[in-house]
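Colleague: Before I accept the labels attached to this model, I would like to hear how each one was reached. Could we go through them in turn, setting the values against the rules?

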Amino acid sequence: MGKMIKDYRADFPILQTTINGEPLTYLDSAATSQKPQAVIDAITAYYTTSNANVHRGVYTLAAQATDQYEAVRDQVATFIHAPQRESVFFTRSTTESLNWVAQTYGEQFIEAGDEIVLTAMEHHSNLVPWQQLAQRKHAKLRYIQLLPDGQLDMADANQKITAKTKLVAVAQTSNVLGVTNPIKQLAALAHQHRAVIMVDGAQAVAHQSVDVQAMDVDFYAFSGHKMLGPTGVGVLYGKLALLEQLTPAQFGGEMIDNVDWQTTTFAAIPQRFEAGTPNISGVIGLGAAITYLQQVGWSAIQTQEKTLTMQLLTGLAAMDGVTVYGPLDANFHGPVVAFNVAGVHPHDVATGLDMDGIEVRAGHHCAQPLMQVLNVESTVRASLMFYNTSAEIDRLLTTLAAVKEFFQG
Amino acid sequence: MSLLKLNELYKTVILDHAQHPHHHGQLAEVPGVTLNNPSCGDVIQVQIEVQHQQINRIAFSGTGCTISQASASVMTDVLSQQTMTQAQQLIHDFSQLIMGKSLTTAAKHQLGDAAVLGTVAEFPTRIRCAMLAWHAAEQCLAEIGGTDNGSKS
């Protein structure tokens with residue numbers, strides 16, 4: 001192919017636009033990634049030539065739509081190394097996938113006095129569903145604490161995961177600190193105590209090869225829109241033996257086998273867990289995103305993202321009055337960097353950068369308990385993807401220095 | 001980068017209020033309302049002491065961005081010594097201004113330094129920051145209004 005990593009940027013139409021009269025410098029990919037033309041085209045093509053409802057019609061167009069939709073299930077299964085396609089089903093988002101497990105597995109198997117183990121770095125979407133479940137069931141939440149540099153304290157994990165633990169829910173990569181957790185070790189620890197492990201892969205799937213079998217996770221959730229795909233489509237992977245024990249969370253069309261006046265039998269897995277018309281165009285867009293990521297390749301993606309992350313971390317660490325949260329070594333870092341400028345509120349920093357077309361996130365990043373650990377209300381966060389450039393990191397650092405000067409005087 | 005653009009939003013008077021806020025602190029035994037900005041977790045408390053339907057003392061506490069702190073500071077200046085009815089009108093006028101609606105010259109004049117925050121209308125993501133203290137004051141006055149009416153003969 002001979003395509004260099006920098007050449008892929010041209011595939012993203014939005015990256016050629018301007019914001020506030022300046023070239024768009026998009027540094028919020030951890031919130032949502034931008035979309036390559038191939039994904040936009042796949043969605044358009046579906047509505048232009050293949051639109052029909054799936055799994056129902058006997059006519060040709062419906063069969064085409066169903067084939068395209070089901071082909072993405074195979075693609076996802078291969079992408080995350082699932083043992084079989086039935087283990088993969090489509091949801092609305094990571095959040096829906098996580099809630100689904102809380103409302104099915106959690107509802108059926110968590111009992112009073114059981115413990116659910118989370119980490120201090122969880123996104124609200126992998127915290128609040130368990131908190132609600134724990135309140136309903138009179139179960140107890142326990143949090144694995146962090147080391148001073150933001151990495152997970154595995155000694156504490158050994159303390160917290162015990163015979164009382166029924167479920168461990170953990171992010172593969174933190175959306176604030178950028179650290180990637182040792183999922184395989186955590187899964188082994190959970191299984192040693194006969195607990196299941198649910199992994200929030202939202203911040204990981206676009207940045208590294210995911211192997212649910214090698215990690216031996218029981219449930220794995222992620223979203224399409226953080227990995228170049230459209231919003232409104234998510235995935236939940238579950239081990240088949242577990243899925244077979246679960247009562248569906250939602251009922252309706254497409255998930256039934258036979259409906260009588262008083263009773264219903266359900267369709268086989270995975271249809272059983274996809275009630276109603278799914279987000280067909282979203283699933284097809286997700287398929288195009290996976291194909292695109294595979295064309296770029298993990299090696300090129302990781303080299304570029306690590307280089308840029310290192311440049312950003314080094315640049316921030318060299319600035320007076322800038323605090324970086326999480327490890328300073330790019331080797332322990334996903335492409336997400338949270339920081340603060342002394343005496344300047346994150347919102348003011350973000351508005352200042354925005355005036356120069358640089359889009360970063362400012363706030364608590366849906367991780368308020370983690371903000372308590374970091375002893376801040378909020379932070380600035382710059383997050384990258386392979387389509388960013390070294391020149392963009394330079395722009396961020398230069399403008400940040402000017403913004404800092406403006407507010408600090 | 002062009003600092004001119006930043007100057008549009010962060011005028012000197014706004015930066016001054018944020019760095020040296022007026023009526024910042026807590027009043028003992030004075031009713032207050034605490035609100036938070038869910039997007040950043042900032043918390044502002046506004047306390048108002050009303051005597052004979054007039055704001056006698058007002059203060060705010062908490063931390064926040066330049067816009068929320070400056071807005072709270074100018075608000076305490078503007079609302080000080082106003083009657084409850086005048087204060088409610090000023091809060092209404094300020095919210096209109098921040099939403100980009102035009103105000104009469106007289107109404108703008110009444111808002112004093114607060115009128116400078118009108119430029120926030122051009123920065124829609126920051127409207128919530130500018131309104132936080134004013135929403136707290138509005139709620140506080142509503143609560144006082146309720147109890148005040150009850151105790152009045």
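Modeller: Let me begin with a rule that we shall need at once: a polar contact is a pair of N or O atoms within 3.5 Å, and within protein one must be able to donate a hydrogen and the other to accept it. Please keep in mind throughout that the model is predicted.

Colleague: What makes the approach of Arg272(A) to the backbone oxygen of Ala267(A) a polar contact?

Modeller: The side chain of Arg272(A) reaches that backbone oxygen at 2.9 Å, and because the limit is 3.5 Å, the pair counts as a polar contact. Arg272(A) is found in the loop between strand 12 and helix 9 of chain A. Leaving aside neighbours within four places in sequence, Arg272(A) is in contact with Glu244(A), Pro248(A), Met255(A), Phe266(A) and Ala267(A).

Colleague: Which other residue of chain A has its place in the loop between strand 12 and helix 9, and what kind of peptide bond joins Ile269(A) to it?

Modeller: Pro270(A) has its place there, the loop running between strand 12 (264-266) and helix 9 (280-296) of chain A. The bond that joins Ile269(A) and Pro270(A) is a cis peptide bond, with omega about 10°.

Colleague: Why is the backbone of Asn375(A) singled out?

Modeller: Phi of Asn375(A) is near 65°, a positive value in a residue other than glycine. Most residues other than glycine have a negative phi, so a positive value deserves to be pointed out. Asn375(A) lies in the loop between helix 12 (368-374) and strand 17 (379-383) of chain A.

Colleague: How do you know that Lys5(B) and Glu22(A) form a salt bridge?

Modeller: The closest N and O atoms of the two residues are 3.2 Å apart, and because the rule asks for a side-chain nitrogen of Lys or Arg within 4 Å of a carboxyl oxygen of Asp or Glu, the pair qualifies as a salt bridge. Lys5(B) lies in helix 1 of chain B and Glu22(A) in strand 2 (residues 22-23) of chain A, so the pair joins two chains. Between chain B and chain A the count is two salt bridges, while over all chains the count comes to 20.

Colleague: What else describes the interface of chain B and chain A, and which elements of chain B supply the side that touches chain A?

Modeller: Ten residue pairs are in polar contact across the interface, both residues being at pLDDT 80 or more. Helix 1 (3-9), helix 2 (12-19) and helix 3 (66-79) of chain B each supply at least two residues of that side, and the largest share, five residues, comes from helix 1. The residues of that side divide into twelve nonpolar, eight polar and three charged. In contact terms, 23 residues of chain B meet 20 residues of chain A, and the area buried between the two chains is about 1,700 Å², of which carbon and sulfur atoms give 60%.

Colleague: What makes His347(A) and Thr125(B) lining residues of the largest pocket?

Modeller: A lining residue must have an atom within 4 Å of a pocket point. His347(A) and Thr125(B) are among the 20 residues that line the largest pocket, so each of them satisfies that limit, and both are included in the group that lies nearest its centre. About 450 Å³ of space lies in the largest pocket, and helix 11 of chain A gives the largest share of the lining, four residues. By class, the lining has eight nonpolar, six polar and six charged residues.

Conventions: Residues are numbered from 1 along each chain as its sequence is written. Chains are lettered from A and ligands numbered from 1 in the order in which they are written. This is a predicted model: local features need pLDDT of at least 70, side-chain atom pairs count only at pLDDT 80 or more; totals for chains, interfaces and linings use all residues. Side-chain values use heavy atoms; hydrogens and water are left out. On a 1 Å grid over the protein atoms alone, a cavity is a set of points where a 1.4 Å probe fits but cannot get out, and a pocket is an open set with protein on both sides within 12 Å along at least five of seven lines; lining residues have an atom within 4 Å of a point. Grid points are joined across faces, edges and corners, and a volume is the space filled by probe spheres set on the points. Ala, Val, Leu, Ile, Met, Phe, Trp, Tyr, Cys and Pro count as nonpolar, Asp, Glu, Lys and Arg as charged, and the others, Gly among them, as polar. Contact means heavy atoms within 4.5 Å. Buried area is the accessible area (1.4 Å probe) that two parts lose on being put together, summed over both.
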